[in-house]
Amino acid sequence: HVPMIGQFLRETEALPVVFEVLREPHIRPKLAMHTLVVIGNLCSTAVDPEADETKKQLRTLEHSAVKAVKAYVMSKNEGVRLYAVAALQNMTSDAGLCRDAVDLGAVSLIEKIIEELHPRRGTSDSVDRLYSLCAGVLVNVSENEGAEADDGGEKPKSRGWSVARKSRKPS
């Protein structure tokens, strides 16, 4: 169903409406979480084969898609935080959105979470899941450092890879 929803949102140019939900000042955590799940899935080629088209459209939104998701990365609600980082991980597979994540400070927040979680790895599934998603964001940033954004913009500048590399569990 997600590919059909994604196609509908792209064709009707309704993606901004999804992000408007996140900009509501008093959004309930459950609605924020479900909205972030939708965004994350729409940006995942494993879920929606046309996710790259979604990310292309997200780069052109009047209000930054990354900024809307970034607002939830440090949420006190564990589910909201997890799905915000998951959405950010899927978004940062795109060079343009990755550059936005670096420029808007979202990657710095991810680095902060990695540093906080590193000593607690292996203590719970939720900690490990969040840590893994954060590391995925940093890997995407690293991989996009040498990539040109499809929109012709500059490459993202990252400090993230060194943190992700230092933070990996020994094999």
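Is T92 buried or exposed? At 0% relative accessibility, T92 counts as buried, and the legends below, which describe close-up views of a predicted model, return to this residue after an overview of the chain.

**Figure 1. The protein chain as a whole is built from 10 helices and 0 strands.** Followed along the sequence, the helices come in the pattern α-α-α-α-α-α-α-α-α-α. Of the 171 residues in the protein chain, 47% are buried. Among contacts with a separation of 6 or more, 67% are between residues that lie 24 or more positions apart.

**Figure 2. E13 is shown in the loop between α1 (2–11) and α2 (15–22).** The phi angle of E13 is near 55°, which is a positive value in a residue other than glycine. E13 has a relative accessibility of 66% and therefore counts as exposed, since the cut-off for this class is over 50%.

**Figure 3. Helices α2 and α3 are seen where their axes come within 9 Å.** The two axes cross at roughly 145°, and the crossing of α2 and α3 is left-handed. On the side of α2 the contact is made by L15, V18, F19, V21 and L22, while α3 contributes L31, A32, T35, L36, I39 and L42. One of these residues, L31, has its place in helix α3, which covers residues 29–42. L31 counts as partly exposed because its relative accessibility is 46%, a value that falls between the limits of 20% and 50%. From C-alpha to C-alpha, L31 and V21 are 8.3 Å apart in space, and they are 10 residues apart in sequence.

**Figure 4. Helix α3 is shown again, here with helix α6 (residues 78–91), with which it packs at an angle of about 20°.** The axes of the two helices are 8 Å apart. The angle makes α3 roughly parallel to α6, because angles under 35 degrees are counted in that way. The crossing of α3 and α6 is left-handed. In α3, the residues that meet the other helix are P29, A32, M33, L36, V37, I39 and G40, and their partners in α6 are G79, V80, Y83, A84, A87, N90 and M91. A32, L36 and I39 are also among the residues of α3 that make the contact with α2.

**Figure 5. The surroundings of T54 in helix α4 (residues 51–58) are shown in close-up.** T54 is buried, with a relative accessible area of 1%. Not counting residues up to four places away in sequence, T54 touches R10, L15, L42, C43 and D48. Two of these partners return from an earlier view, as L15 of α2 and L42 of α3 take part in the contact between those helices.

**Figure 6. T92, the residue of the opening question, lies in the loop between α6 and α7.** Its relative accessibility is 0%, so T92 counts as buried. With its neighbours within four places in sequence left aside, T92 is in contact with C98, A101, V137, N140 and N144.

**Figure 7. The axes of helix α7 (residues 95–103) and helix α9 (residues 125–144) come within 10 Å.** They cross at roughly 115°, which makes α7 roughly perpendicular to α9. The crossing of α7 and α9 is left-handed. A95, C98 and V102 in α7 meet N140, V141 and N144 in α9. C98, N140 and N144 are also among the residues in contact with T92.

**Figure 8. Helix α8, which covers residues 106–117, is shown along its length of 12 residues.** From its first C-alpha to its last, helix α8 reaches 17 Å, which is close to the 16 Å expected at 1.5 Å a residue. The buried residues of α8 are A106, V107, I110, E111, I113, I114 and L117. Seen down the axis of α8, these buried residues fall within an arc of 160°, so they line one face of the helix. An α-helix has 3.6 residues a turn, so residues three or four places apart point the same way.

**Figure 9. I114, a residue of helix α8, is shown together with L138.** I114 counts as buried because its relative accessibility is 0%. Although I114 and L138 are 24 residues apart in sequence, the distance from C-alpha to C-alpha is 9.7 Å.

Methods. Residues numbered from 1 in each chain as written. Predicted model: local features only at pLDDT ≥ 70, side-chain atom pairs only at ≥ 80, totals over all residues. Heavy atoms only, no water. Helix = DSSP H or I, 4+ residues; strand = E, 2+ residues; numbered from the N terminus. Expected span 1.5 Å × (residues − 1). Buried < 20%, exposed > 50% of the residue type's maximum accessible area, 1.4 Å probe, protein only. Arc of directions from axis to C-beta. Axes fitted to C-alpha atoms, helices over the stretch in contact; angles between N-to-C directions. Parallel < 35°, antiparallel > 145°, perpendicular 65-115°, else oblique. Left-handed = near helix turned anticlockwise from the far one by under 90°. Contact = heavy atoms within 4.5 Å.
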